[in-house]
Amino acid sequence: MNLRFQYLIRYLIVAMVFCIPVLANAQNRNTDSLRLTIPEAEGLFLKNNLQLLAEQYNIDINRAFADQAKLWDNPLLVTDQNIYDGKFFRHGTENGVQYGEIYVQVQQLIRTAGKIKKQTRLANDNTLGAKAQFEDVMRNLRYVLSTDMNNLAQLQNTSTVYTTEISTMQSLVKGMDEMLRVGDISQKENIRVKALLFSLQNELSENIRQQVDLEKELAMLLHLDDTSWVISLAGESFDSTKISDLKPGLLRDSAIQFRPDLNFAKIAIQYQSHNIAYQKSLASPDLNAGVEYDKLNSYVPNYWGLYLALPLPVFNRNQGNIKAAKLASQQTDINFQQAQNQVSREVTSAWQKLINATGMLNTDNNQLQSNYDTLMKNMLDSYRKRQVSLIEFIDFFEAYKDTRVKEWQLITNQRNAAAELNFAVNRPVIQL
């Protein structure tokens with residue numbers, strides 16, 4: 001048994017030797033650290049986010065399409081002249097006979113039934129839709145940014161708890177090695193304390209790994225340098241009074257007014273209404289009008305004529321497309337109702353989450369934290385003086401760690417619930 005204990009001690013020592021430098025290097029980024037609140041992060045996001053900048057081009061693209069839709073079709077020029085009639089390119093009079101045929105026709109397509117105007121309205125609807133989609137992309141990315149900042153603050157505050165406890169345990173382990181040497185403690189007790197230290201270092205390592213993942217995502221959102229390390233200043237809870245004053249009915253009304261995805265559904269209804277009118281206009285035939293000149297090939301020389309052409313709507317009166325447009329309009333009405341119901345449910349759900357998360361936070365937490373910090377110091381001194389057993393010390397130590405970690409988790413739950421409510425309403429209901 002003693003031999004197995006010795007192997008375990010060696011394993012723990014090697015693990016701690018490799019773990020500590022890795023954790024230190026992961027957190028030693030002060031020279032490149034960027035301390036940000038959520039409003040400051042949003043400022044960088046709006047200025048630098050590449051996805052947002054790329055999405056904005058869709059608005060300008062659709063505006064260009066709208067400008068194009070206003071334009072008339074270009075006139076068509078048709079010309080014909082003789083190449084060879086016994087001689088090449090013979091034009092003029094020979095022996096009293098005129099030679100050389102010249103034919104010119106200019107055509108213009110005239111779109112009837114207001115097709116250009118109706119087509120322009122559809123293009124303008126697409127522009128409005130692109131704006132709504134841009135705002136919805138911005139809403140989604142803002143939510144991701146807010147929750148990432150909240151989660152990062154939790155991890156960074158939790159890592160401080162781990163770092164403090166690891167420092168305490170390292171100090172205790174050094175003293176216990178000397179106590180083991182002189183026989184004041186058992187080898188089993190020494191290993192158990194070192195195992196607890198190793199467990200803390202392993203949890204800190206996982207914490208840093210999660211921070212790195214969030215830092216990568218924030219770097220993409222804010223377009224930061226690879227060496228930047230964001231320090232999130234988003235660790236404060238919100239006043240419960242402000243939360244309790246929120247009215248879910250007013251929040252739902254605001255969401256229906258300001259949600260870009262719901263606005264997009266409204267624009268879709270408008271688009272389909274305009275599309276019905278446009279498809280009906282396509283049933284009216286367009287007129288092709290023009291003038292033509294024929295030098296010698298008509299019944300009189302130098303003939304000038306008026307050219308008119310239009311298809312006869314005998315078989316195809318665009319019936320299928322008109323029917324499809326009407327069905328699509330009915331479909332968008334149903335989609336809008338579904339979107340309204342979804343928005344209402346999302347707002348209610350987010351409000352309930354915020355109320356519940358706020359209820360989990362209370363004024364006793366600060367007092368509990370203060371008592372726990374004091375008690376932790378006393379427990380450590382008592383264990384060093386052998387006034388409490390190893391089991392009592394480890395139980396209290398782990399309870400202290402779990403309490404501090406859960407405290408930050410509760411704050412993050414409240415902040416993420418507030419971010420979700422802002423996301424659901426698309427308004428800064430709670431200033432993050």
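The following dialogue works through the fold, the cores and several single residues of a predicted model.

Biologist: What should I know about the numbering and the model before reading any value?

Modeller: Residues are numbered from 1 along each chain as its sequence is written, and side-chain values use heavy atoms, with hydrogens and water left out. Because the model is predicted, local features need pLDDT of at least 70 and side-chain atom pairs count only at pLDDT 80 or more, whereas totals for chains, interfaces and linings use all residues.

Biologist: How many helices and strands does the protein have?

Modeller: Helices (H or I, at least four residues) and strands (E, at least two) are DSSP runs, numbered from the N terminus. In this protein there are 11 helices and 8 strands.

Biologist: What does the radius of gyration say about the overall form?

Modeller: The radius of gyration is taken over C-alpha atoms, and the globule rule is 2.2 Å times the number of residues to the power 0.38. A compact globule of 432 residues would come out near 22 Å, but this protein has 38 Å. Along the principal axes, its C-alpha atoms fill a box of roughly 140 × 55 × 40 Å.

Biologist: What share of the residues is buried, and what supplies the exposed surface?

Modeller: Buried means under 20% relative accessible area, exposed means over 50%, and partly exposed lies in between (1.4 Å probe, protein chains only). Buried residues make up 38% of the 432 residues. For the surface, accessible areas come from the Shrake-Rupley method with a 1.4 Å probe, and for residues only the protein chains shown count as cover; the protein exposes about 24,900 Å², of which carbon and sulfur atoms supply 54%.

Biologist: What part of the contacts joins residues at least 24 apart in sequence?

Modeller: Contact means heavy atoms within 4.5 Å. Among contacts between residues at least 6 apart in sequence, 82% join residues at least 24 apart.

Biologist: Which residues have the most contacts inside the largest nonpolar core?

Modeller: A nonpolar core is a set of buried Ala, Val, Leu, Ile, Met, Phe, Trp, Tyr and Cys residues joined through side-chain atoms within 4.5 Å. The largest one here has 45 residues, and Leu 145, Met 149 and Leu 354 have the most contacts inside it. Eight elements, α2 (38-48), α3 (50-69), α4 (115-182), α5 (187-222), α7 (248-258), α8 (260-281), α9 (319-360) and α11, each supply at least two of its residues, and the largest share, 10 residues, comes from α4. Leaving aside neighbours within four places in sequence, Met 149 is in contact with residues including Leu 36, Ile 38, Leu 218 and Val 230. A second, separate core of 24 residues includes Leu 196, Met 376, Leu 380 and Phe 397.

Biologist: Which residues does Phe 393 touch, and where is Phe 393 found?

Modeller: Phe 393 is found in helix α11 (residues 390-425) and is buried, with a relative accessible area of 0%. Not counting residues up to four places away in sequence, Phe 393 touches Met 169, Leu 172, Met 376, Met 379, Leu 380, Tyr 383 and Val 388. With Met 379 the separation is 14 residues in sequence and 6.7 Å in space, C-alpha to C-alpha.

Biologist: Is Leu 390, also in helix α11, buried or exposed?

Modeller: Leu 390 is buried, with a relative accessible area of 16%. Among the residues that Leu 390 touches, beyond four places in sequence, are Glu 189, Arg 192 and Tyr 383; Leu 390 and Arg 192 are 198 residues apart in sequence, yet 8.6 Å apart in space, C-alpha to C-alpha.

Biologist: Are the polar residues Ser 146 and Glu 420 buried or exposed?

Modeller: Ser 146, in helix α4, counts as buried at 4% relative accessibility, and its contacts beyond four places in sequence are Ile 38, Glu 42, Ala 419 and Leu 432. Glu 420, in helix α11, is buried with a relative accessible area of 18% and touches Tyr 143, Ala 350 and Lys 353, again leaving out residues up to four places away.

Biologist: Which phi values deserve a second look?

Modeller: Most residues other than glycine have a negative phi. Phe 89 has a positive phi near 50 degrees; this residue is found in the loop between β2 (76-81) and β3 (92-94) and is exposed, with a relative accessible area of 51%. Ala 113 has a positive phi near 60 degrees, lies in the loop between β5 (102-110) and α4, and counts as partly exposed at 36% relative accessibility.
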